[in-house]
Amino acid sequence: MRHLLLSRRFGPLFATQFLGAFNDNLFKTAMLFLIVFHIMAGDEVASATLVTAATGLFVLPFVLFSGLAGDIADKRDKATVARFVKLAEIAFMGLGAVGLWLGSLPLLFFVLALMGVHSTIFGPVKYAILPQHLAEDELLDGTGLVEGGTFVAILLGQIAGGLLGLTAGPVAIGVALLGALTAQFIPPAPPEYPGARIDWNLWRSSLRAVVANFSTPTLRTATIAISWFWALGAIWTGQFVPLVRNILGGTETVATLFLAAFSIGIAVGSVAVGRLLAGRISARLTPWAAVGMAVGAVDFWFAVHGLPGPAGGVADFLRTPAAWRILADLFVIAVAGGIFSVPLYGVLQTGTAPDHRASAIAANNIINSAFQVGGVLVIGAAIARGVEIPVALVGAALSGLLLIPMLRGIRS
């Protein structure tokens, strides 16, 4: 994999997407900290409402514009699209820095929506461009590095956003400038049919992309399974803070430790699966990975209830064997998640015609968004009705077992 990271065929793309994911989460986290600890300090209801609205606003562009983004990436040079998006990010982060400095909620929410559009347009590019630049036996490694790098970038961006707070603006501008620079080195990735017309109708382009995915059993299964995985990730990571604070009696640093174990596990599984499959695009490990996530989640429930007392801070938490078991379970679940999802992205990348590859990724992003929002709402409603957080998390992981019959039907 080192040769990929050092090659022009992959290295600049990896750096560009890593910096973009980092910046998204740097800005989002700094903005949320500003809302919770400054603008709406002392008003828990208002701050919680605004945080929820911010999350929804960032996801909304994926629903509205993914179809169009896929059509653009299929019909224009993907490297050119990436460069344009990264140049726009510099302007967005400039506005974001002003918003953080002024403490202006309207401006901050406007920038957050723009960053959602930025990620929506870049999303199909970063996966659909890989088959044009990588050999078939390199595709899983490249996809795994992109997915694993994304999760690590998310983690680092959230940590940096929390630490930097109001001073995150200039850093975000610097990261955007660096991302625009690395994007200049992405090799050309011309469309299959140059000059093809883009369908600017948002509804029609999205509907066509989703219908195309769901009309093919293999693509339909891959899309549903990937979307389930991202919903599971959103559910688990979204509950780390309330789980640690309300159930385990720990501090936010312990919740960050949970997020670190989960993110690093995803990265390890994403990178390892290419070696496990010897570079072959195959879904044969995904059913076993679903079982691994379920088993890890059940043991997580036992480990949580085996904690002898309040978790406290990180140092106090790590003094107990149960703590290490909890972290090990999170790591195992996440490693299995990486093994589960990366081959399915390979199926999407290779199971469509080159001129529709980005649209297939875009359709997946639309369904991803719906699954994430729906999953979070269902789990939130269950918890509101009195279901214990660990039970809700285990239930979400066990639901993956329902996918196994479909996964076994993927031709590989």
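The following exercises, each with a worked solution, concern a predicted model.

**Exercise 1. A pair of aromatic rings**

Determine how the rings of F151 and W230 are arranged, and which parts of the chain they tie together.

Solution.
1. The search of the whole structure gives 14 aromatic pairs. One of them is formed by F151 and W230, with 5.2 Å from centre to centre and 25° between the planes.
2. Planes under 30 degrees apart count as stacked; the pair of F151 and W230 is therefore stacked.
3. F151 belongs to helix α7 (residues 139-164) and W230 to helix α10 (residues 217-238), so the pair ties together parts 79 residues apart in sequence.
4. Buried means under 20% relative accessible area. F151 has 9% and so counts as buried; W230, with 19%, is buried as well.
5. F151 and W230 also belong to one aromatic cluster, together with W228, F229 and F340.

**Exercise 2. A second pair**

Classify the pair formed by F240 and F258, and state whether each of these residues is buried or exposed.

Solution.
1. The ring centres of F240 and F258 are 5.8 Å apart, and the angle between the planes is 90°.
2. An angle over 60 degrees counts as edge-to-face, and the pair of F240 and F258 is therefore edge-to-face.
3. F240 is located in helix α11 (residues 240-247), while F258 is located in helix α12 (residues 252-276); the pair therefore ties together parts 18 residues apart in sequence.
4. F240 has a relative accessible area of 2% and is buried. F258 is also buried, with a value of 0%.

**Exercise 3. Lysines over rings**

Identify the ring over whose face K28 lies, and the ring over whose face K86 lies.

Solution.
1. K28 lies over the face of F58, at 4.1 Å from the ring centre.
2. K86 lies over the face of F122, at 4.9 Å from the ring centre.

**Exercise 4. The second largest pocket**

Describe the lining of the second largest pocket, and explain where this pocket lies with respect to domain 1 and domain 2.

Solution.
1. The volume of the second largest pocket is about 200 Å³.
2. Its lining consists of 15 residues; R208, A209, A212, H356 and S359 are those nearest the centre of the pocket.
3. Sorted by class, the lining contains four nonpolar, six polar and five charged residues.
4. Helices α3 (44-75), α9 (202-214) and α16 (357-384) each supply at least two lining residues. The largest share, five residues, comes from α9.
5. Both domain 1 (1-189) and domain 2 (202-411) give residues to the lining, so the second largest pocket lies between them.

**Exercise 5. Two individual residues**

Characterise G238 by its helix and its accessibility, and A278 by its phi and its accessibility.

Solution.
1. G238 is found in helix α10. Its relative accessible area of 45% makes it partly exposed.
2. The C-alpha atom of G238 is separated by 8.1 Å from that of V376, although these residues are 138 residues apart along the chain.
3. Most residues other than glycine have a negative phi. A278 is not a glycine, yet it has a positive phi of about 55°.
4. A278 lies in the loop between α12 and α13 (286-305).
5. Exposed means over 50% relative accessible area; A278, with 69%, is therefore exposed.

Technical notes: Residues numbered from 1 in each chain as written. Predicted model: local features only at pLDDT ≥ 70, side-chain atom pairs only at ≥ 80, totals over all residues. Heavy atoms only, no water. Phe/Tyr/Trp six-rings, centres within 6.5 Å; stacked < 30°, edge-to-face > 60°. Helix = DSSP H or I, 4+ residues; strand = E, 2+ residues; numbered from the N terminus. Buried < 20%, exposed > 50% of the residue type's maximum accessible area, 1.4 Å probe, protein only. Lys NZ or Arg CZ within 6 Å of the ring centre and 35° of its normal. 1 Å grid on protein atoms, 1.4 Å probe; cavity = no way out; pocket = protein on both sides within 12 Å on 5 of 7 lines; lining within 4 Å. Points joined across faces, edges and corners; volume = space filled by probe spheres on them. Nonpolar A, V, L, I, M, F, W, Y, C, P; charged D, E, K, R; others polar. Domains from an automatic or database assignment.
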